[in-house]
Every structure is written in structure tokens, then in C-alpha cells.
Amino acid sequence: MIKTIDPTTIPQPELYSILSTAVAPRPICFASTVDAEGNVNLSPFSFFNVFSSNPPVMVFSPARSGRDNSLKHTHQNVVEVPEVVINVVNHKMAEQMSLSSTAYDKGVNEFVKAGFTQVPSVKVKPPRVGEAPVSFECTVLEVVEIAQTPGAGNLIIAQVDMIHINDEYLTDDILDTEKLDLVGRMGGNWYIRAIKESLFEIPKPIRTHGIGVDALPKGIRESDVLTGNNLGRLGNLEQLPSPEDVKIIVANEGIENTSRTELHTLAKKLLEEGDTEKAMAYLLFAEGLSK
């Protein structure tokens, strides 16, 4: 059964819980700002993403408090001084980052409270976090206040003016996903760690045109063994292997007398290992389409 909810009929905390749990994992914008008097603020926000690469633009939203409808200090600061440094958060700094989200009084420096190193920026007034693997110095282009109600977002649109990368996280001068060890925000008190064991690759159909799941033979589409992910990988092939290619693979693999179910199971394993073309050959043979 499906539980259907009209968001206008439930309390804001319940709605926030659904949204923040379902839309996850979310990257974390660890934002450092200053107010008009030069007081430094550091706070994390998970309503955040990169928005454009040319020009390079990031967006994040310090929402109004769901408890008392107050504005975040970060929001107030970027209105006064339209600059921000967006620091990337990895596992090494996750606990300190969380500590900095405490609702300290305005004027309290969370760099100090959380034990982070305050490093001067090059182009903007707010300092960057010395422990961050990557930091982006940004100019705030626009602040869009969505509404005046508790929990309402305030969209901060920020253009990247300078990038700082700790070379500990580079491989052959390229930012390395495995080395970064990033963390993402989940619902409640939960976070997720992007360690090697949780990473997986999917060939992106950017310069190719996959045949699509709809072009797969009916017996393969309706397989009791293959999953939606398996079918998606098969549909990413640009063309089906020819009958001649299938016969060669079958002969080389010695699977002529293997049952249909076993062939589907073997194909599933091949797909999980990344050998899509061989898996397709197994499946076509299983469906009797290699003649």
C-alpha cells in the first residue's frame, strides 16, 4: 500500500522529517560568513548543491527555525556582507562540524567552539576552514526568501571566485573521490560516509545512446531473476550482440547445456561484475535468440 499525504495537513516538524529523510543523502555546505562588524560565523547546511559550472555557482538554504521562526545567523550575515566560503565536509571533521551547528548566540565564533583552524581567504572576508579538503570562496549573487513561515527556506545563490584544494586528496592532480571520504546528511541524527566499499560506478550514457529496456527481448524484460538495475545496465548497451558473437561466446564459455534459469543467474552475476556484453550473450542464448 502507498501512504499518501497532503503536506498542508501535517505539522511542519513532521513534514521536515519526511523531506529530510526521503531526500538523502545530501551534501553538506559548511558555510563561513561574517557580519557587518566582522564577527565570524560557521554553520553547516544540507539543503545544498552545485548549480552551475559556467559560471560556477552553488546554492544553499539556511531555513527559518521551525521552533521560533528566527533567521539563521548565516542568512543575516550574507545580507550584511554578501560573501561566503563553502567548505566541503569529510569524515575526519564530521563530529566537529556537527558541534558547530549548535545554536550559539550571535557573535560566537564556531571556529573556536568546534576547534577548527581559521585560515584567511584570498578574495572574500570570511575565513575558510583549514581542515576542509576543499573550500570555495564565493560572492553572494542573490538571497531569495521563499516565505516568512517556520521552516521556510532562504535560497542563497553564490558564485565561486576561488577554490582551495588540499593536495592530500589529489591523485595525478585530479580530485579523488575515494580519498575525499565525504559525508552526507540523512534524516534525523543519521549521516552517511562515502567510503570505497559504498561507492559504485555506472557507465554514463552521455556520448552514447543505449537501446533502452524497451528494446530488450520480452523474456529478458520479464525475467524472474534480473533486477531493475540489471535491466538498466543491459539497456545501456548501444546494440545487441550479433548471433555470431553470441555463438562464439557460448562456445568459449561451454554453456550450451545450461538451463534458462541458470543462464539468467549467471548473466546477473556478470552484470554485477561489469561484463555487460557477455551477460547479454548469455541471455540471448537462454531465450533462443542466437540462431
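In this predicted model, the search for enclosed space returned 1 cavity of 30 Å³ or more, and the largest cavity has a volume of about 50 Å³. Its lining is formed by Asp35, Asn39, Val40, Asn41, His73, Asn77, Lys106, Gly107 and Val108, and the elements that contribute two or more residues to this lining are β2 and α2. Divided by class, the lining of the largest cavity comprises 2 nonpolar, 5 polar and 2 charged residues.

Open space was also found in the form of pockets. The largest pocket has a volume of about 1,200 Å³ and is lined by 40 residues, of which Tyr16, Pro44, Arg67, Lys72 and Ser101 lie nearest its centre. At least two lining residues of the largest pocket come from each of α1 (12–22), β2 (40–45), α2 (73–80) and α3 (94–100), with the largest share, 5 residues, supplied by β2. The lining of the largest pocket is made up of 15 nonpolar, 18 polar and 7 charged residues. Strand β2 thus appears both in the lining of the largest cavity and in that of the largest pocket, as does helix α2, which gives two or more residues to the cavity lining and at least two to the lining of the largest pocket.

The second largest pocket holds about 660 Å³ of space; 29 residues line this second pocket, and those closest to its centre are Pro27, Val88, Leu180, Leu182 and Val183. Two or more lining residues are given by each of β3 (48–53), β4 (56–60), β8 (134–145), β9 (154–165), α5 (177–180), β12 (183–185) and β13 (191–193), and the largest share, 5 residues, comes from β3. By class, the lining of the second largest pocket contains 21 nonpolar, 6 polar and 2 charged residues, whereas the lining of the largest pocket contains 15 nonpolar, 18 polar and 7 charged residues.

Several of the strands named above belong to an open sheet of 7 strands, which has the order β2-β1-β5-β8-β9-β4-β3 and antiparallel pairing. Strands β2 and β3 stand at the edges of this sheet, each with a single partner strand, so one side of each is left without a neighbour in the sheet. From one strand to the next, the twist averages 30°. The edge strands also contribute to the pockets, since β2 provides the largest share of the lining of the largest pocket and β3 provides the largest share of the lining of the second largest pocket.

Within the sheet, strand β1 (residues 29–34) pairs with β2 in the antiparallel sense over 6 bridges, and valine 34 stands opposite valine 40 in β2; Val40 is also one of the residues lining the largest cavity. Strands β8 and β9 are paired in the antiparallel sense over 11 bridges, with threonine 139 having glutamine 159 of β9 as its bridge partner. Strand β9 is further joined to β4 by 4 bridges, the two strands running antiparallel, and here phenylalanine 60 has isoleucine 156 of β9 as its bridge partner.

Two cis peptide bonds were identified in loops. The bond from alanine 24 to proline 25 is cis, with omega near -5°, and proline 25 is placed in the loop between α1 and β1. The bond from asparagine 54 to proline 55 is likewise cis, with omega near 5°, and proline 55 is placed in the loop between β3 and β4. A further backbone feature concerns aspartate 172, a residue other than glycine with a positive phi, near 55°; aspartate 172 lies in the loop between β10 (170–171) and β11 (174–175).

Among the helices, α8 (residues 243–253) and α10 (residues 276–286) pack at an angle of about 95°, with their axes 9 Å apart. That angle makes α8 roughly perpendicular to α10. The contact involves Val246, Ile249, Val250 and Glu253 of α8, together with Lys278, Ala281, Tyr282, Leu284 and Phe285 of α10. By class, the residues in this contact of α8 with α10 are 7 nonpolar and 2 charged, with no polar residue.

Technical notes
Residues are numbered from 1 along each chain as its sequence is written. This is a predicted model: local features need pLDDT of at least 70, side-chain atom pairs count only at pLDDT 80 or more; totals for chains, interfaces and linings use all residues. Side-chain values use heavy atoms; hydrogens and water are left out. Axes are lines fitted to C-alpha atoms, for helices over the stretch in contact, and angles run from 0 to 180 degrees between N-to-C directions. Angles under 35 degrees count as roughly parallel, over 145 as roughly antiparallel, 65 to 115 as roughly perpendicular and the rest as oblique. Contact means heavy atoms within 4.5 Å. Ala, Val, Leu, Ile, Met, Phe, Trp, Tyr, Cys and Pro count as nonpolar, Asp, Glu, Lys and Arg as charged, and the others, Gly among them, as polar. On a 1 Å grid over the protein atoms alone, a cavity is a set of points where a 1.4 Å probe fits but cannot get out, and a pocket is an open set with protein on both sides within 12 Å along at least five of seven lines; lining residues have an atom within 4 Å of a point. Grid points are joined across faces, edges and corners, and a volume is the space filled by probe spheres set on the points. Two strands pair if DSSP finds at least two bridges between them.
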